[in-house]
Amino acid sequence: MAHNHEDTAAELHEEFNERVHPSEIHDLAGGYIAADHEKKDFDLSPEGAEAGPTPDGEEPSDYERRTLRRVGENLPASAFLIAVVELMERFTYYGASGLFQNYISNGKNDTSDSPGLGMGGQAATGLNLFFQWFCYVTPILGAIISDQYLGKYKTIMLFCCVYWVGLVILWTTSLPVAIAHGAGLPGYIVSIIVIGAGTGGIKSNIAPLIADQYQRRTMAIRTEPSGERIIIDPAITYQRIYMIFYWCINLGSLSLIATPFMEKYCGFWTAFLMCFCMFNFSIAILVFVFYPIFWVGYGQFSTNFVTQAGQMNGHGMPNDFMQNFDPISILIFTPLLDIFVYPALRKVGINIRPIARISLGFIWISLCLGYAAIVQHLIYNAGPCYDSPNNCDAAMVDGKVIPNNVHIAVQAPAYVFVGLAEIFISVTGLEYAYTKAPPTMKSFVQSLYLFTNAFGSAISEALVSVSKDPEFIWMYTGVAGASFVTAFVFFFLFNHYDKIEDESFELDREAPVVPPTKEVEYEGANN
């Protein structure tokens, strides 16, 4: 199902074999054919082992290469993540393009099938072939931009933005009202050109990028716990990487199981909308994929925390006043961190990079929700209504509802924790979206970062069913646990980006034009 842009796997494997075994002969299937003198030498005699075993971590000798078993290594977690990104992109590509033939050929007033552009099968075939041709011309442009200017990651993000625009055009112009007003055909033509440019720029960079996640380039000896000595062969790992990569591509192509039914029963625009939504998820899945978990916790302070405060004795303070402790904590801790904490840490050689700061943000939001669960437990253990605050006969005194006997100030630390979480994760997210975006797409990448908040709100919507008494404790505990686990998973997946932070930051920096100072001008005048 997938096309030949994945041939990078074969090319890389061939190049690697040539580098390691420059004089080897291969059969048509790629298998190694030993030369006659090698066949004679392959007697496993101890003479080849006179130099003794090679230490672990070093390259094997010729004798060890002939005698020891070769294995691959486990894939880096970032390689799996990139494979999932490609899965989502292919889901979008095949899910949408697989409908183009019907979309172009179906009549505008077709009653037996979904109404389309009404151009007939011949025009549909011509436009489809043009789209396929264009998708495999544009990778050249993506390769040039990547190799000469931006690098693979930023080029992929740039062309994701191009792709995104094309999907918006495709979806909006396929709406029944757009087709009725004549926007369907011009919108389709523009969209396939923009989508073709976008997918081409991604194609030429995503396959090499996934291989770049694996760093080993030479064979190495390793001793297993069983005592067996083996050879770690990078070629085997690269083979595994691209097999998983290709498997994800074809899994994504199964979007055609769903989109034809959406086309038939709901209209083309619904299928294109689903592809658009899935593509948005693929764009955000790199560093920002975990951000919705944070937004779920963050959203509590203006919703359920207000409800929680209303269940406690306010002593004249309105329950929605407590929200002010969030910005107050930010106003206090931001300058403290910037002026005192971070400089002190840097002075002793500790520089907290963006990925580490984001991970700490997840820890703070987990502490916030964990503390909220404790406060809720205190409320449920206090009268007069216990686990039914404000909802019992004992709460009615002189015609007024009396909350449970817990002071509202107990809730303040939760808002302090959420404020600290914002400093570490939200502020850093804005920074990361700016510094890692291509120069001309910074605003757009910022919008994608902010779009993760929408995903968080959607997840929170699913938690509404448990946002009630006496289940608040379990809701807070669950979100706290998810945030805590996310902190470690996030750091494990992305901490290597902190190690190359300086290099990646330099990629799109332009040398400032410094105007000559007055002193320089004066000296020049004297000369």
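Ten is the tally for charged pairs here: the structure, a predicted model, holds 10 salt bridges. A few of them are worth walking through one at a time.

Take E64 and R229 to begin with. These two residues form a salt bridge in which the closest N and O atoms sit 3.1 Å apart. E64 belongs to helix α3 (residues 62–67) and R229 to strand β5 (residues 229–232), so this pair ties together parts of the protein that are 165 residues apart in sequence. The two partners have different surroundings as far as accessibility goes. E64 has a relative accessible area of 4%, so it counts as buried, while R229, at 22%, counts as partly exposed.

A second bridge connects K152 with D212, and here the closest N and O atoms are 3.0 Å apart. This pair, too, links distant parts of the chain: K152 is in helix α8 (residues 152–173) and D212 is in helix α10, 60 residues apart. Neither end is hidden away, as K152 is partly exposed with a relative accessible area of 27%, and D212 is partly exposed at 30%. Elsewhere, E86, E89 and R90 are joined into one network by salt bridges that share partners.

E59 and R65 make up another of these pairs, with 3.4 Å between the closest N and O atoms. E59 comes out as partly exposed, at a relative accessible area of 44%. R65 has a relative accessibility of 19%, and because the cut-off for buried is under 20%, R65 falls on the buried side.

Helix α10 turns up again on the surface. Seven residues, namely M119, F130, W133, V137, L185, I189 and I193, make a nonpolar surface patch of about 560 Å². Two elements give two or more residues to this patch, α6 (120–135) and α10 (184–212). The largest share, three residues, comes from α10. One of the patch members, I189, is placed in helix α10, and its relative accessible area of 33% makes I189 partly exposed.

N404 offers a contrasting case. This residue lies in strand β9 (residues 404–407), and with 0% relative accessibility N404 counts as buried. What does N404 touch, leaving aside residues up to four places away in sequence? The list runs to Q311, M312, N313, I379, A382, G383, P384, C385, Y386 and P389. With C385 there is also a polar link: a polar atom of the N404 side chain lies 3.2 Å from the backbone nitrogen of C385.

Stepping back to the whole protein, the fold has 22 helices and nine strands. Of its 527 residues, 44% are buried. How much of the contact picture is long-range? Among contacts between residues at least 6 apart in sequence, 77% join residues at least 24 apart. As for the outside, the protein exposes about 26,600 Å², and carbon and sulfur atoms supply 63% of that area.

Technical notes
Residues numbered from 1 in each chain as written. Predicted model: local features only at pLDDT ≥ 70, side-chain atom pairs only at ≥ 80, totals over all residues. Heavy atoms only, no water. Helix = DSSP H or I, 4+ residues; strand = E, 2+ residues; numbered from the N terminus. Buried < 20%, exposed > 50% of the residue type's maximum accessible area, 1.4 Å probe, protein only. Polar contact = N/O pair within 3.5 Å; in protein donor to acceptor, adjacent residues only side chain to side chain. Contact = heavy atoms within 4.5 Å. Patch = residues over 30% accessible without salt bridge, like charges linked within 9 Å, V, L, I, M, F, W, Y side chains within 5 Å. Areas by Shrake-Rupley, 256 points an atom, 1.4 Å probe, with all protein chains shown as cover. Salt bridge = Lys/Arg side-chain N within 4 Å of Asp/Glu carboxyl O.
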